[in-house]
Amino acid sequence: SLPGAQPIAVYANPTKDVLYVGHYGSTFIGQYNIDALNGTLSSQGLVAVGTAPRAIVLHPDPATPFAYVVNEASQNVIQLSVSGTGPLSNPALPPKSVNLTRRDIRIDPSGSSLYVVNSGSNDMSVFSINPGTGVLAAVPVAHKVSTRTTPYAMAFKKNASPLTYKA
(Lines give C-alpha, C1' and ligand atoms only; values in the text may rest on other atoms or scores of the structure.)
Protein backbone atom coordinates (compact mmCIF):
# COMPACT_ATOMS: atom_id res chain seq x y z
CA SER A 1 0.00 0.00 0.00
CA LEU A 2 1.03 3.59 -0.54
CA PRO A 3 1.09 5.95 2.47
CA GLY A 4 -1.74 8.49 2.22
CA ALA A 5 -3.20 6.85 -0.88
CA GLN A 6 -6.62 5.25 -1.17
CA PRO A 7 -7.41 2.47 -3.64
CA ILE A 8 -10.24 3.99 -5.66
CA ALA A 9 -10.18 2.45 -9.14
CA VAL A 10 -9.94 -1.29 -9.67
CA TYR A 11 -9.88 -2.90 -13.10
CA ALA A 12 -9.28 -6.57 -13.87
CA ASN A 13 -7.74 -7.30 -17.25
CA PRO A 14 -10.28 -9.68 -18.84
CA THR A 15 -7.70 -11.58 -20.92
CA LYS A 16 -4.80 -11.71 -18.45
CA ASP A 17 -4.59 -12.58 -14.77
CA VAL A 18 -3.71 -8.99 -13.86
CA LEU A 19 -5.47 -6.46 -11.63
CA TYR A 20 -4.83 -2.70 -11.89
CA VAL A 21 -5.52 -0.40 -8.91
CA GLY A 22 -5.59 3.38 -9.05
CA HIS A 23 -4.28 4.86 -5.80
CA TYR A 24 -6.08 8.18 -5.25
CA GLY A 25 -3.83 10.56 -3.33
CA SER A 26 -0.79 9.30 -5.22
CA THR A 27 0.57 9.38 -8.75
CA PHE A 28 0.56 5.61 -9.32
CA ILE A 29 -1.35 2.62 -10.62
CA GLY A 30 -0.54 -0.61 -8.77
CA GLN A 31 -0.25 -3.79 -10.82
CA TYR A 32 -0.97 -7.22 -9.34
CA ASN A 33 -0.86 -10.73 -10.73
CA ILE A 34 -3.90 -12.82 -9.77
CA ASP A 35 -3.18 -16.42 -8.81
CA ALA A 36 -5.78 -18.37 -10.82
CA LEU A 37 -5.82 -21.23 -8.27
CA ASN A 38 -6.42 -19.34 -5.03
CA GLY A 39 -7.09 -15.71 -6.03
CA THR A 40 -4.19 -14.22 -4.12
CA LEU A 41 -2.50 -11.12 -5.46
CA SER A 42 1.22 -10.54 -5.90
CA SER A 43 2.54 -7.06 -6.58
CA GLN A 44 4.12 -6.40 -9.95
CA GLY A 45 5.10 -2.85 -9.11
CA LEU A 46 3.78 0.62 -9.78
CA VAL A 47 3.49 2.73 -12.90
CA ALA A 48 3.50 6.54 -12.69
CA VAL A 49 0.42 8.05 -14.31
CA GLY A 50 -0.36 11.53 -12.98
CA THR A 51 -1.88 12.97 -9.82
CA ALA A 52 -4.91 11.25 -8.28
CA PRO A 53 -5.71 8.45 -10.75
CA ARG A 54 -9.50 8.13 -10.60
CA ALA A 55 -10.48 5.51 -13.20
CA ILE A 56 -8.85 2.99 -15.53
CA VAL A 57 -10.13 1.34 -18.71
CA LEU A 58 -8.60 -1.06 -21.23
CA HIS A 59 -9.38 -1.05 -24.93
CA PRO A 60 -12.07 -3.71 -25.54
CA ASP A 61 -10.13 -5.33 -28.40
CA PRO A 62 -7.25 -7.46 -27.03
CA ALA A 63 -5.42 -6.83 -30.32
CA THR A 64 -5.31 -3.12 -29.38
CA PRO A 65 -3.13 -3.30 -26.23
CA PHE A 66 -3.81 0.09 -24.65
CA ALA A 67 -5.12 1.31 -21.32
CA TYR A 68 -6.29 4.79 -20.38
CA VAL A 69 -6.24 6.46 -16.97
CA VAL A 70 -8.10 9.61 -15.95
CA ASN A 71 -6.27 11.69 -13.33
CA GLU A 72 -8.49 13.94 -11.26
CA ALA A 73 -5.93 16.39 -9.86
CA SER A 74 -3.82 16.46 -13.04
CA GLN A 75 -6.99 17.08 -15.11
CA ASN A 76 -5.89 14.74 -17.87
CA VAL A 77 -6.15 11.34 -19.54
CA ILE A 78 -3.05 9.31 -20.29
CA GLN A 79 -2.50 6.37 -22.59
CA LEU A 80 -0.48 3.35 -21.45
CA SER A 81 0.65 0.27 -23.36
CA VAL A 82 -0.32 -3.17 -22.08
CA SER A 83 2.37 -5.82 -22.51
CA GLY A 84 1.59 -9.34 -23.71
CA THR A 85 1.49 -10.61 -20.13
CA GLY A 86 -0.51 -7.67 -18.78
CA PRO A 87 1.78 -5.11 -17.08
CA LEU A 88 1.35 -1.46 -18.05
CA SER A 89 4.19 0.69 -19.33
CA ASN A 90 4.80 4.34 -18.49
CA PRO A 91 3.13 6.79 -20.84
CA ALA A 92 5.14 7.72 -23.91
CA LEU A 93 2.77 10.42 -25.16
CA PRO A 94 1.77 13.70 -23.51
CA PRO A 95 -1.53 13.54 -21.60
CA LYS A 96 -4.78 14.91 -23.04
CA SER A 97 -6.44 17.67 -21.02
CA VAL A 98 -10.01 17.25 -19.79
CA ASN A 99 -12.41 19.44 -17.86
CA LEU A 100 -12.83 19.84 -14.10
CA THR A 101 -13.25 16.92 -11.67
CA ARG A 102 -12.85 13.83 -13.81
CA ARG A 103 -14.87 10.94 -12.38
CA ASP A 104 -15.16 8.13 -14.89
CA ILE A 105 -13.75 6.92 -18.19
CA ARG A 106 -15.30 4.52 -20.70
CA ILE A 107 -14.61 3.24 -24.20
CA ASP A 108 -17.60 2.51 -26.42
CA PRO A 109 -18.04 -1.19 -27.32
CA SER A 110 -16.70 -0.65 -30.85
CA GLY A 111 -13.44 0.71 -29.39
CA SER A 112 -13.57 3.85 -31.53
CA SER A 113 -14.34 6.51 -28.89
CA LEU A 114 -13.33 7.31 -25.32
CA TYR A 115 -15.57 9.31 -22.97
CA VAL A 116 -14.52 11.10 -19.78
CA VAL A 117 -17.21 12.16 -17.29
CA ASN A 118 -16.42 15.59 -15.81
CA SER A 119 -18.61 16.18 -12.75
CA GLY A 120 -17.21 19.62 -11.92
CA SER A 121 -18.20 21.07 -15.30
CA ASN A 122 -21.34 18.98 -16.02
CA ASP A 123 -20.08 17.54 -19.28
CA MET A 124 -18.17 14.71 -20.95
CA SER A 125 -14.97 14.99 -22.96
CA VAL A 126 -15.05 12.90 -26.13
CA PHE A 127 -12.00 11.50 -27.92
CA SER A 128 -11.60 9.31 -30.99
CA ILE A 129 -9.14 6.41 -30.65
CA ASN A 130 -6.69 5.62 -33.45
CA PRO A 131 -7.14 1.83 -33.91
CA GLY A 132 -3.48 1.20 -34.78
CA THR A 133 -1.72 3.39 -32.24
CA GLY A 134 -4.36 3.96 -29.54
CA VAL A 135 -3.64 7.71 -29.71
CA LEU A 136 -6.51 9.93 -28.59
CA ALA A 137 -7.77 12.91 -30.58
CA ALA A 138 -10.39 15.33 -29.29
CA VAL A 139 -13.60 15.07 -31.31
CA PRO A 140 -13.67 18.57 -32.85
CA VAL A 141 -17.42 19.19 -33.02
CA ALA A 142 -18.35 17.69 -29.70
CA HIS A 143 -15.21 17.68 -27.58
CA LYS A 144 -17.46 18.58 -24.63
CA VAL A 145 -20.93 17.05 -24.35
CA SER A 146 -23.29 18.64 -21.79
CA THR A 147 -24.76 16.36 -19.12
CA ARG A 148 -27.05 16.78 -16.16
CA THR A 149 -25.70 18.23 -12.91
CA THR A 150 -22.62 16.57 -11.39
CA PRO A 151 -22.29 13.33 -13.40
CA TYR A 152 -20.20 10.65 -11.70
CA ALA A 153 -20.35 7.64 -14.01
CA MET A 154 -21.60 6.34 -17.33
CA ALA A 155 -22.23 2.97 -18.94
CA PHE A 156 -23.05 1.53 -22.32
CA LYS A 157 -26.14 -0.61 -22.73
CA LYS A 158 -25.42 -3.96 -24.36
CA ASN A 159 -26.56 -4.16 -28.00
CA ALA A 160 -27.69 -0.52 -27.94
CA SER A 161 -27.18 1.82 -30.86
CA PRO A 162 -24.01 3.92 -30.74
CA LEU A 163 -23.95 6.99 -28.53
CA THR A 164 -24.86 10.05 -30.52
CA TYR A 165 -24.47 13.68 -29.70
CA LYS A 166 -25.25 17.04 -31.28
CA ALA A 167 -23.10 20.13 -31.30
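User: What is the order of the open sheet that holds β5?

Analyst: The order is β5-β6-β7-β8, an open sheet of 4 strands with antiparallel pairing. The strands at the edges are β5 (53–58) and β8 (96–97), each of which pairs on one side only. This is a predicted model, in which local features need pLDDT of at least 70, side-chain atom pairs count only at pLDDT 80 or more, and totals for chains, interfaces and linings use all residues. Residues are numbered from 1 along each chain as its sequence is written, and side-chain values use heavy atoms, with hydrogens and water left out.

User: How do you know that β6 and β7 pair?

Analyst: Strands here are DSSP runs of E with at least two residues, numbered from the N terminus, and two of them pair if DSSP finds at least two bridges between them. Strand β6 (residues 66–71) and strand β7 (residues 76–81) share 6 bridges in the antiparallel sense, so they meet that criterion. Across this pair, N71 faces N76 in β7.

User: What makes Q75 unusual in its backbone, and where is this residue?

Analyst: Q75 has a phi near 55°, a positive value in a residue other than glycine. Most residues other than glycine have a negative phi. Q75 sits in the loop between β6 and β7.

User: Is Q75 buried, partly exposed or exposed, and why?

Analyst: Buried means under 20% relative accessible area and exposed means over 50%, with partly exposed in between (1.4 Å probe, protein chains only). Q75 has 33%, so it is partly exposed.

User: A52 has a positive phi as well; what is its value, and where does A52 lie?

Analyst: Phi of A52 is near 65°, and A52 belongs to the loop between β4 (41–48) and β5. Its relative accessibility is 5%, so A52 counts as buried.

User: What makes the contact between R54 and E72 a salt bridge?

Analyst: A salt bridge needs a side-chain nitrogen of Lys or Arg within 4 Å of a carboxyl oxygen of Asp or Glu. The side chains of R54 and E72 meet at 3.4 Å, N to O, so this pair satisfies the cut-off. R54 is in strand β5 and E72 is in the loop between β6 and β7, so the pair links distant parts of the chain, 18 residues apart. R54 and E72 are both buried, and the structure holds 1 salt bridge.

User: Let's turn to the other open sheet: why do β1 and β4 count as its edges?

Analyst: That sheet has 4 strands in the order β1-β2-β3-β4, with antiparallel pairing. β1 (6–12) and β4 each have a single partner strand, so one side of each is left without a neighbour in the sheet. On average, neighbouring strands of this sheet are turned by 25° against each other, direction ignored (axes are lines fitted to C-alpha atoms, for helices over the stretch in contact, and angles run from 0 to 180 degrees between N-to-C directions).

User: Which residues stand opposite each other in these strands?

Analyst: β1 and strand β2 (residues 18–24) pair antiparallel over 6 bridges, and A9 is opposite G22 in β2. Another 6 bridges join β3 to β4 in the antiparallel sense, where I29 has V47 as its bridge partner in β4. β3 and β4 form a hairpin with 6 residues between them, and G39 in the turn has a positive phi of about 80°.

User: Why is Q31 called buried, and what does its side chain reach?

Analyst: Q31 lies in strand β3 (residues 28–34), and its relative accessibility is 4%, so it counts as buried. Its side chain reaches the backbone nitrogen of L88 at 2.4 Å. Not counting residues up to four places away in sequence, Q31 touches several residues, among them Y20, S42, G45, P87 and L88 (contact means heavy atoms within 4.5 Å).

User: What makes a group of residues a nonpolar core?

Analyst: Such a core is a set of buried Ala, Val, Leu, Ile, Met, Phe, Trp, Tyr and Cys residues joined through side-chain atoms within 4.5 Å. The largest one has 14 residues, and those with the most contacts inside it include Y20, I29, V49 and L88. At least two residues of this core come from each of β2, β5, β6 and β7. A second, separate core of 13 residues includes A55, V70, V77 and I107.

Note on methods:
Polar contact = N/O pair within 3.5 Å; in protein donor to acceptor, adjacent residues only side chain to side chain.
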